[in-house]
Amino acid sequence: EVSKCEHSFVSLERGLKAFVKYVPRDVVRMMLAGEMESTNVMARRVVSILFMDIEGFSTLCERILVDQLNRLTQDYLQAMCEIIVASKGTLDKFIGDCIMALWNAPRHLKHHEKAAVG
């Protein structure tokens with residue numbers, strides 16, 4: 001019985017790790033907490049959206065070693081993501097070196113405009 005529970009837990013953990021690759025982490029947390037259901041229903045909402053990338057990234061790619069580029073990109077993405085999450089933003093996706101984030105969805109955020117630029 002314990003072995004079945006352990007196997008189920010490991011499978012659940014593996015599934016959640018795969019799921020958060022495609023769904024914003026905040027959305028997954030809300031779904032697990034029962035604060036949000038998975039539906040196909042859309043709602044109209046005013047949101048603040050951010051697209052941000054590294055200026056001159058293509059030129060930089062041609063000038064530095066792959067290992068350096070990888071480290072730089074990871075450090076940049078990590079730092080920016082921490083700022084976005086700290087300001088109650090939702091990471092939507094990465095597009096190369098670009099980050100797309102939004103505020104006021106899925107969780108309501110009063111003064112989301114200020115949070116997005118603050």
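Strands are DSSP runs of type E with at least two residues, numbered from the N terminus. The exercises below apply that definition to a predicted model.

**Exercise 1. Determine how the strands of the open sheet are ordered and paired, and which of them stand at its edges.**

*Solution.* Begin with the order, which for this open sheet of 3 strands is S1-S3-S2, with antiparallel pairing. Strand S1 (48-52) and S2 each have a single partner strand and therefore stand at the edges, so that one side of each is left without a neighbour in the sheet. From one strand to the next, the twist averages 15 degrees.

Next, take the two pairings in turn. S1 pairs with strand S3 (residues 98-103) in the antiparallel sense over 5 bridges, and here Phe 51 stands opposite Met 100 in S3. S2 and S3 also run antiparallel and are joined by 5 bridges, with Leu 91 opposite Ala 101 in S3. Finally, look at the connection: S2 and S3 form a hairpin with 2 residues between them, and Gly 96 in the turn has a positive phi of about 65 degrees.

**Exercise 2. Locate Ile 95 in the secondary structure, decide whether it is buried or exposed or in between, and identify the nonpolar surface patch that it helps to make.**

*Solution.* Ile 95 belongs to strand S2, which covers residues 90-95. Its relative accessible area is 43%, and because partly exposed describes values between the 20% limit for buried and the 50% limit for exposed, Ile 95 is classed as partly exposed. Together with Val 47, Ile 49 and Phe 51, Ile 95 makes a nonpolar surface patch of about 360 Å².

**Exercise 3. Find how many salt bridges the structure holds, and describe the accessibility of the residues Lys 93 and Asp 92.**

*Solution.* The structure holds 1 salt bridge. This contact links Lys 93 with Asp 92, whose closest N and O atoms are 3.1 Å apart, a separation to be compared with the 4 Å cut-off for a salt bridge. As for accessibility, Lys 93 is partly exposed at 39%, and Asp 92 is likewise partly exposed, with a relative accessible area of 29%.

**Exercise 4. State which residues form the largest nonpolar core, and which element gives the largest share of it.**

*Solution.* The largest nonpolar core has 11 residues, namely Ile 54, Phe 57, Leu 69, Tyr 76, Leu 77, Met 80, Ile 84, Ile 99, Ala 101, Trp 103 and Leu 109. Helix H4 (66-86) and S3 are the elements that give two or more residues to this core. The largest share, 5 residues, comes from H4. As general background, nonpolar side chains tend to be buried together in soluble globular proteins.

Technical notes
Residues are numbered from 1 along each chain as its sequence is written. This is a predicted model: local features need pLDDT of at least 70, side-chain atom pairs count only at pLDDT 80 or more; totals for chains, interfaces and linings use all residues. Side-chain values use heavy atoms; hydrogens and water are left out. Patches are made of residues with over 30% relative accessible area and no salt bridge: like charges are joined within 9 Å, nonpolar side chains (Val, Leu, Ile, Met, Phe, Trp, Tyr) within 5 Å. Accessible areas come from the Shrake-Rupley method with a 1.4 Å probe; for residues, only the protein chains shown count as cover. A salt bridge is a side-chain nitrogen of Lys or Arg within 4 Å of a carboxyl oxygen of Asp or Glu. Helices (H or I, at least four residues) and strands (E, at least two) are DSSP runs, numbered from the N terminus. Buried means under 20% relative accessible area, exposed over 50%, partly exposed in between (1.4 Å probe, protein chains only). Two strands pair if DSSP finds at least two bridges between them. Axes are lines fitted to C-alpha atoms, for helices over the stretch in contact, and angles run from 0 to 180 degrees between N-to-C directions. A nonpolar core is a set of buried Ala, Val, Leu, Ile, Met, Phe, Trp, Tyr and Cys residues joined through side-chain atoms within 4.5 Å.
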